[in-house]
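Morning, everyone. Today I want to talk about empty space inside a protein. Please look at the sequence and the structure as I go.

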Amino acid sequence: FAAGEQQAIFTITRASVPVPPVSSLVLARHVPERYDDFAFENDRVAYRIYGPGLETDVAGRSRMIGSGIDVWTKRVSYLVVDRWYLRGHDAYHKDNGEGLDFYSTGTTRGVGGTGVWDGQRLRVSNNWRAARVIANGPIRAIFELTYGAWDAGKGATVAEVKRFTMDAGHNLHRIDGTYSLRGAATVDVAIGLGKMKDKGHELSSLVHNDPTAGIVSRWTKHATDVDGELGTAVVRASGFAGVLEDDANQLGLVPVRDGETVTYYFGAGWSRSGRFADAATWQTYVTEFAARLKSPLLVTVTSAN
């Protein structure tokens with residue numbers, strides 16, 4: 001749309017012959033061969049979330065309890081997740097021209113993971129317990145992860161079902177989190193961005209918080225030139241009730257009642273992807289995305305007949 005333009009009309013013609021299949025630009029799948037990771041990607045970026053297998057002794061030194069969202073950076077538009085898993089854990093930490101995994105999620109919220117802020121500290125769930133893929137391409141992936149009830153403090157427990165929607169061509173992706181509360185009328189759900197550290201020291205980051213605009217964002221210079229710089233963000237159309245931080249995370253707060261669904265967007269942009277040269281470029285992308293959420297397009301479809 002041009003500046004000030006309020007209406008645009010398009011004519012869509014019915015195809016007279018069958019449309020051939022197109023290569024998928026998205027992927028979402030359970031990865032049982034890697035301790036129940038759940039991995040998903042589009043043509044711009046990839047992510048994974050730790051599953052139940054990673055909590056067991058079978059995982060050995062890799063054992064991890066953490067419900068944050070990990071990011072894998074990409075420099076190519078084709079799908080890489082399956083090939084990277086075949087390369088093995090040590091191999092995908094090196095850039096072979098396609099990108100790499102250098103982001104260290106650990107027990108932080110990573111890129112858009114959630115927890116409950118009890119007024120003094122963050123309380124988080126264990127790894128996901130059930131996964132369900134709803135749609136898997138070619139331009140949209142939808143899946144759900146179910147998290148078992150966890151202690152939210154003050155005698156309350158919380159359980160969550162996260163529905164993810166990832167579209168091709170975007171660096172920010174949708175989550176609809178539905179919460180079940182017991183023992184409390186409301187809790188403060190905290191949507192987080194992990195603070196990255198190297199040898200115990202926090203990496204240098206430019207932070208942008210605007211609760212009214214619904215933006216919590218970071219741009220972090222990572223340890224090596226290969227890693228480059230990484231922007232992470234969470235965005236909500238209806239804003240945040242407040243923003244705070246603990247030692248590991250930057251957090252946007254949303255009060256939630258039993259049965260309520262919280263919608264937000266999360267994602268990352270890498271300096272070596274060719275799309276985000278610096279912090280200003282990332283912030284412009286996030287700010288414009290947030291503005292579009294507050295002024296959504298209304299689409300009406302009518303028949304030409």
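The largest cavity has a volume of about 50 Å³. Keep in mind that this is a predicted model. Rolling a probe the size of a water molecule over the atoms shows where empty space is left.

So which residues line the largest cavity? Start with Arg-44 and Val-45, then Thr-73 and Lys-74. Asn-171 is there too. Next come Ala-268, Gly-269 and Trp-270. Ser-273, Arg-275 and Phe-276 complete the lining.

Now the elements. Two strands give two or more residues each to this lining: S4, at 69–74, and S20, at 261–270. Which of the elements gives the most? Strand S20 does, with three residues.

What about the classes? In the lining of the largest cavity, four residues are nonpolar, four are polar and three are charged.

How many cavities of 30 Å³ or more does the count come to? Two. Let's move to the other one.

The second largest cavity has a volume of about 30 Å³. Tyr-103, Gly-194 and Met-196 are among its lining residues. So are Arg-218, Thr-220 and His-222. Leu-230 and Thr-232 also line the second largest cavity.

Which strands supply at least two residues each here? They are S16, at 215–221, and S17, at 229–235.

By class, the second largest cavity is lined by three nonpolar residues, four polar ones and one charged.

To recap: about 50 Å³ for the largest cavity, and about 30 Å³ for the second largest. Thanks for listening.

Definitions and conventions. Residues are numbered from 1 along each chain as its sequence is written. This is a predicted model: local features need pLDDT of at least 70, side-chain atom pairs count only at pLDDT 80 or more; totals for chains, interfaces and linings use all residues. Side-chain values use heavy atoms; hydrogens and water are left out. On a 1 Å grid over the protein atoms alone, a cavity is a set of points where a 1.4 Å probe fits but cannot get out, and a pocket is an open set with protein on both sides within 12 Å along at least five of seven lines; lining residues have an atom within 4 Å of a point. Grid points are joined across faces, edges and corners, and a volume is the space filled by probe spheres set on the points. Helices (H or I, at least four residues) and strands (E, at least two) are DSSP runs, numbered from the N terminus. Ala, Val, Leu, Ile, Met, Phe, Trp, Tyr, Cys and Pro count as nonpolar, Asp, Glu, Lys and Arg as charged, and the others, Gly among them, as polar.
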